[in-house]
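Q: I should like to learn how to read the features of a structural model, one at a time. Where should a reader begin?

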Amino acid sequence: MTLADRDWRLVREESWDGPLNMALDEIAAETAANGGPRTLRVYRWDPSTLSLGYRQDPETVDWEFCEDEGITVTRRPTGGGGIYHDNYGDISYSIIAPADELPGDLMETYELLCEPIFDAFQRMGVDAGFTEEKLPVIHEPACYLRELHPAHDVVANGRKISGNAQYRRKDAVIQHGSLKFALDATRHLSTFANPETTAAQFHERVTTINEEASIDRDDAVTAVEEALHDWGDATEGSWTDDELSRAREHADAKFGSEAWTKHRDDPTA
């Protein structure tokens, strides 16, 4: 199945705060569902952000550490554990398209939408693929330390290097994920309350692009952008003023709210 005959736009890497990054995904879903372009985007988190999985208990977060360190905390609409998105060490992407243009089967959709991610790793010189075996949980609240699943966890040399998740609305599908370029395991773990592991154990489970390949961050980002561009035969794109305005309003109302982040209550529902 190919989607390259559809109208895709590529939004190259840009920096937004956590709530706005999540809001832009949802606004892009509305755009795609209403006949506008499908979106391929690459982005970083400014400031660095801890994104919680949809069902994650807020008590697993070290709120004092995050506040003292200037780390934003928001909640994703996708499942899984928390991810510390370091402004430098994390490369994030999203793929957003109408639901009726994608397979109904979740696993088939993961395989399809991860094609450009595997291409990006190949361009970087990183031998990566879905894990072939389930690996046991190390620290449940942390996405990169949960049980590894062959459906969506990407590994290089047996260690996790990328996590991916999907949010399937009635009218659109959002897949987003993070690629680890560099890792500060101590800082990552410190965003969690009483982590049940050490930095050394974290490194045993997780690897990075920086460790696997001789490539700088700018070139790694370009590899992701170009892989997405070629996969979708995309045109260079950007957000419209209306999309940005609605995304900012949505970020303030939902993803930046305490009701959503701490209690999973959507004030906009």
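**Reading burial, pairing and packing**

A: Begin with burial, bearing in mind that this is a predicted model. A residue counts as buried under 20% relative accessible area. F181 has 1% relative accessibility and therefore counts as buried.

Q: Is Y88, the ring partner of F181, buried or partly exposed?

A: Y88 is partly exposed, because its relative accessible area is 43%.

Q: How are the two rings of Y88 and F181 arranged?

A: One reads the distance between ring centres and the angle between ring planes; planes over 60 degrees apart count as edge-to-face. Here the centres lie 5.6 Å apart and the planes stand at 85°, so the pair of Y88 and F181 is edge-to-face. The pair joins distant parts of the chain, 93 residues apart: Y88 belongs to the loop between β5 and β6, and F181 to the loop between β10 and α5.

Q: How many aromatic pairs does a search of the whole structure find?

A: The search finds six. Another of these is formed by Y54 and W260, whose ring centres are 5.9 Å apart; with planes at 45°, the pair is tilted. Y54 lies in the loop between β3 and α2, whereas W260 lies in helix α10, 206 residues apart. Y54 counts as partly exposed because its relative accessibility is 27%, and W260 counts as buried because its value is 3%. Together with F255, Y54 and W260 make up one aromatic cluster.

Q: In what order do the strands of the open sheet run?

A: A sheet is read by listing its strands from one edge to the other. In this model eight strands follow the order β7-β8-β9-β10-β6-β2-β1-β11, with mixed pairing. At the edges stand β7 and β11; each has a single partner strand, so one side of each is left without a neighbour in the sheet.

Q: Which helix packs on the sheet and touches β7?

A: Helix α4 (residues 115-124) does so, and it also touches β6, β8, β9 and β10. The directions of α4 and β7 make an angle of about 155°. Helix α8 (residues 217-232) lies across β1, β2, β6, β10 and β11, and runs at about 155° to β1.

Q: In what sense do β2 and β6 pair?

A: Strand β2 (residues 38-45) and strand β6 (residues 90-98) pair in the antiparallel sense, over five bridges. Among the bridge partners, V42 is matched with Y93 in β6.

Q: How does one read the surroundings of a single residue, such as H176 in strand β10?

A: One combines its burial with its contacts. H176 has a relative accessible area of 6% and is therefore buried. Beyond its sequence neighbours, H176 is in contact with residues including M22, Y43, R76 and Y93. Its side chain makes polar contacts with the side chain of D25 at 3.2 Å and with that of T78 at 2.8 Å.

Q: How many residues of helix α1 are buried?

A: For a helix, one examines its cover, its span and its ends. In α1 (residues 18-33), 14 of the 16 residues are buried. The helix reaches 23 Å from first to last C-alpha, close to the expected 22 Å. D17 caps the N-terminal end, with a side-chain oxygen 2.9 Å from the backbone nitrogen of L20. Just after α1, G35 takes a positive phi of about 95°.

How values were computed: Residues numbered from 1 in each chain as written. Predicted model: local features only at pLDDT ≥ 70, side-chain atom pairs only at ≥ 80, totals over all residues. Heavy atoms only, no water. Buried < 20%, exposed > 50% of the residue type's maximum accessible area, 1.4 Å probe, protein only. Contact = heavy atoms within 4.5 Å. Polar contact = N/O pair within 3.5 Å; in protein donor to acceptor, adjacent residues only side chain to side chain. Pairing = 2+ DSSP bridges. Helix = DSSP H or I, 4+ residues; strand = E, 2+ residues; numbered from the N terminus. Axes fitted to C-alpha atoms, helices over the stretch in contact; angles between N-to-C directions. Expected span 1.5 Å × (residues − 1). Phe/Tyr/Trp six-rings, centres within 6.5 Å; stacked < 30°, edge-to-face > 60°. Lists of a residue's contacts leave out its neighbours within four places in sequence.
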